[in-house]
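Hi,

Here's the structure I promised to pass on. Have a look at it first, and then read my notes below.

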Amino acid sequence: MAECHPVGFQWVMEAKARGAKVVHVDPRFTRTSALADVHVPLRAGSDIAFLGGIINHVLRTESYFREYVVAYTNGPVLLRDDFRDTEDLDGVFSGFDADGRGYDPGTWQYRGTEVRAASGQRDPRHEERAVAEAARGESHGAGGPTTPAGEPERDETMTHPRCVLQVLKRHYARYTPEMVERICGVPQDLFRTVCDLVTENSGRDRTTAFAYAVGWTQHTVGVQYIRAASVLQSLLGNIGRPGGGILALRGHASIQGSTDIPTLFNLLPGYIPMPHAHHRQDLDSFVRADAARKGYWGNMRAYLVSLLKAYWGDAATEENDFCFDYLPRLTGSHSTYETVMAQLEGTCKGYFLMGENPAVGSANAKLQRLGMAHLDWLVVRDFSLIESATWWQDGPEIETGELRTEDIGTEVFFLPAAAHTEKDGSFTNTQRLLQWHHRAVEPPGEARSDLWFTFHLGRLIRRRLAGSTDPMDRPLLDLTWDYPTVGALAEPDAEAVLAEINGRDAEGAPLTGSEQLKDDGSTACGCWIYCGVRADGVNQADRRTPGGQQDWVAAEWGWAWPANRRVLYNRASADPDGRPWSARKALVWWDAERGEWTGHDVPDFQKDKAPDHRPPPGATGPQALSGTDPFIMQEDGKAWLYVPSGLTDGPLPAHYEPQDSPFPNLLYGRQRNPVRHLPPPHPDNRYQPSGGEPGTEVFPYVATTYRLTEHHTAGGMSRWQPYLAELQPEFFCEVSPGLAAERGLEHTGWATIVSARAVIEARVLVTDRVPPLTVHGRTLHQVGLPYHWGPNGYSTGDAANELLHLSLDPNTHIQEAKAFAVDIRPGRRPRGPAAPELVRAYRRRAGIDEHTGTEP
């Protein structure tokens, strides 16, 4: 966090100055480690074993917050008798289909009822299924769980062997300090210190927060990493309370905003799932299948209809389903990596790159370039001439002879983009906080903002299609595309876009919150979770009241979605009777005299719903939650220690080895996540043998990628800045003195690093910051690789992401970039055709073919 989010880290340091303890868990000793009270080096890719060990400690010592767990989690809920755990089936859960590489979650359900995720994927080939089945959206969309009528069976004592808490105990019983040491390389004494720090700082009077880098998700079990943290925090009562939570450090370039108003293929704004291309799917069938019966996802029709009205205005009427048929449809996964495979197959003909540099910044960078070489056209918008705009003339494959410029048919358009200092707009970052920034200067020359480009491209396309009678053109022609423009460049007014996102009522007045959204077409709102950001016609994101002029919640600095609420699920900060768990941690509470929830933060609960409220029979939506159901986006109002449906790879986090690992899985017979997502085989995306398989020894070291303070993401913003290039002038690898001696590496000399995909070279930094670990009874050396480099700019070098494979988390389809196996040797890498030949030689030594590493 100090390395990659130094501005935010100042608040960690302020907390430390007031007595907070800081624990840093990372394979490398970094700037954060230097300022932490405890640094825990561990093997990259072993985090679930580490977190599972803490969960086991909490359960074994009964350090969990019992009252919180009973009242606010599904810990007391009983599971079906036919559910089988990884402990029973040696690494898989019941319902596993090896041939289909997936799970049927039928046996994962609660006893007494059935739970299915609101966005659970349904196979479009089985159209004979009921409409409610066929209409379901993508499995990794959003939405709470849906349940039929009836309540699951519970044991308030949490002693029944089939209750969630007891199942959890059994699942993690083997995640002992000894096992953590063997798998993660963390000494038992150090591990027990962490357990004590976490448990002693949790409970009624104290809370512990987990802050994670987004790289924590970049694993074939990345979602389960976050799930493991949420299980731990829910057991300790650290969710919905001040000083608690799980904080994704999403600070760069509005990463949070890019999922709120998504650049993701499977979501609509506000985490509404994108519909699949099913037959017989109208608005009502989609909502019936994907909206929850209880909780705030029960209002999904109002959210969706208001979004459709924002998109298509007067053209969206009740008679035409509010233009629901105009929405694009999913035909499967369309993630960035499936798109690359579609390019290679020739089915993806054109590609826009805006704010991305996949030629060096995405996993298996060679595959990215080969895919772009199959396109008819490519549009690159950036303010530097990034590698994704020049690979056709100076990419590595031109040097090796694998591509020839004269054979590449891709027409590349490079369009200069404006920087954030050259445009108005907002950032939404880690704490869901929208902060408005104003243009400082006009963009130079022909540089234009993304807003300008998108608006005017749409305007020109609509002009070209004007008068068309083709029904395929109606969605574009009927769009509300009337944003006012300002200045000599005809820049669309960003405040007008914000007003559309905020929403308006039937009279055109700005809405003040999502509770006002209607499902009858009388309201329009571009993103329901952002509704209220322009309440009263005032840009709430532009507020900057100094901290000394307001209370500690700082509600008048920017605006946090939803409803300017700073702590989600904060009803959990009070006990079931509505009283704060402790005066020290008071956040919101029930005021019986006034008959409403009040406190320091905006209550994340119906304001007038008393703690003793019990919903009447037949209640739906938010009204169906009781006064003790704080997790209002879940249909049962509870935090889930166990997930009965909604994840594709299991109801509980379990340790699996990374796709390429030099170690066997000590916990289960299954080496890798059995339902990890593997694209179709490709000669340039070979996997490596793992564990005890023959050939594992060819790639004996674990590598991980990371960021540096001085550079930014794939380097397009920083490698072109002379002062930043001077601070970090060359691509390097961090190795321990032991690894340097073992492989003959010299400090500041050159190293060649090889995987089954590529070979790269880097300057050698011999340092104690990457300490060797004892894992599985032997010494493990790890290699650290910053991922900011490429051949363009002032500071140049090979790209670390050349080494990566495409093996993806099955829920999010994110790449595994933070744990993979390599070999390292002294000297510079080969040039020309000798470079791919070296990679092929390694494959032959390891016995690698198209089947290696592809088993479930």
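Before anything else, one term: two strands count as paired when DSSP finds at least two bridges between them. Keep in mind, too, that this is a predicted model.

With that in hand, look at strand β11, residues 350–354. β11 pairs with strand β12 (residues 377–382) in the parallel sense, over five bridges. If you want a spot to zoom in on, Met 354 stands opposite Arg 381 in β12. β11 also has two faces: Tyr 351 and Leu 353 are on the covered one, while Gly 350, Phe 352 and Met 354 are on the uncovered one.

Two residues of that uncovered face, Phe 352 and Met 354, turn up again in a nonpolar patch on the surface. The other members are Trp 377, Phe 413, Leu 415, Leu 457, Ile 461 and Leu 476, and together the patch has about 610 Å² of accessible area. Which elements give two or more residues to the patch? They are β11, β13 (411–416) and α19 (450–465). As for Leu 476, you'll find it in helix α20, residues 474–477. Leu 476 counts as partly exposed because its relative accessibility is 37%, and that class lies between 20% and 50%.

Next, a little sheet to try tracing yourself. It's an open one of three strands, in the order β14-β15-β18, with antiparallel pairing. β14 (425–428) and β18 (559–560) are the edge strands, as each pairs on one side only. Strand β15 (residues 433–437) is joined to β18 by two bridges, and Leu 433 stands opposite Ala 560 in β18.

Now the cysteines. How many disulfides are there? The count comes to zero. Take Cys 195: the closest cysteine sulfur, in Cys 184, is 11 Å from its own, and a disulfide needs the two within 2.5 Å, so that is too far for a bond. Cys 195 is buried, at 1% relative accessibility, and Cys 163 is buried as well, with a relative accessible area of 0%.

Finally, zoom out. The protein has 24 helices and 28 strands. Its radius of gyration is 27 Å, close to the 29 Å that the globule rule gives for 856 residues, so the protein is as compact as a globular protein of that length. The C-alpha atoms fill a box of roughly 75 × 70 × 65 Å along the principal axes, and 59% of the 856 residues are buried.

Have fun with it!

Notes
Residues are numbered from 1 along each chain as its sequence is written. This is a predicted model: local features need pLDDT of at least 70, side-chain atom pairs count only at pLDDT 80 or more; totals for chains, interfaces and linings use all residues. Side-chain values use heavy atoms; hydrogens and water are left out. Buried means under 20% relative accessible area, exposed over 50%, partly exposed in between (1.4 Å probe, protein chains only). Helices (H or I, at least four residues) and strands (E, at least two) are DSSP runs, numbered from the N terminus. Patches are made of residues with over 30% relative accessible area and no salt bridge: like charges are joined within 9 Å, nonpolar side chains (Val, Leu, Ile, Met, Phe, Trp, Tyr) within 5 Å. Accessible areas come from the Shrake-Rupley method with a 1.4 Å probe; for residues, only the protein chains shown count as cover. A salt bridge is a side-chain nitrogen of Lys or Arg within 4 Å of a carboxyl oxygen of Asp or Glu. The radius of gyration is taken over C-alpha atoms; the globule rule is 2.2 Å times the number of residues to the power 0.38.
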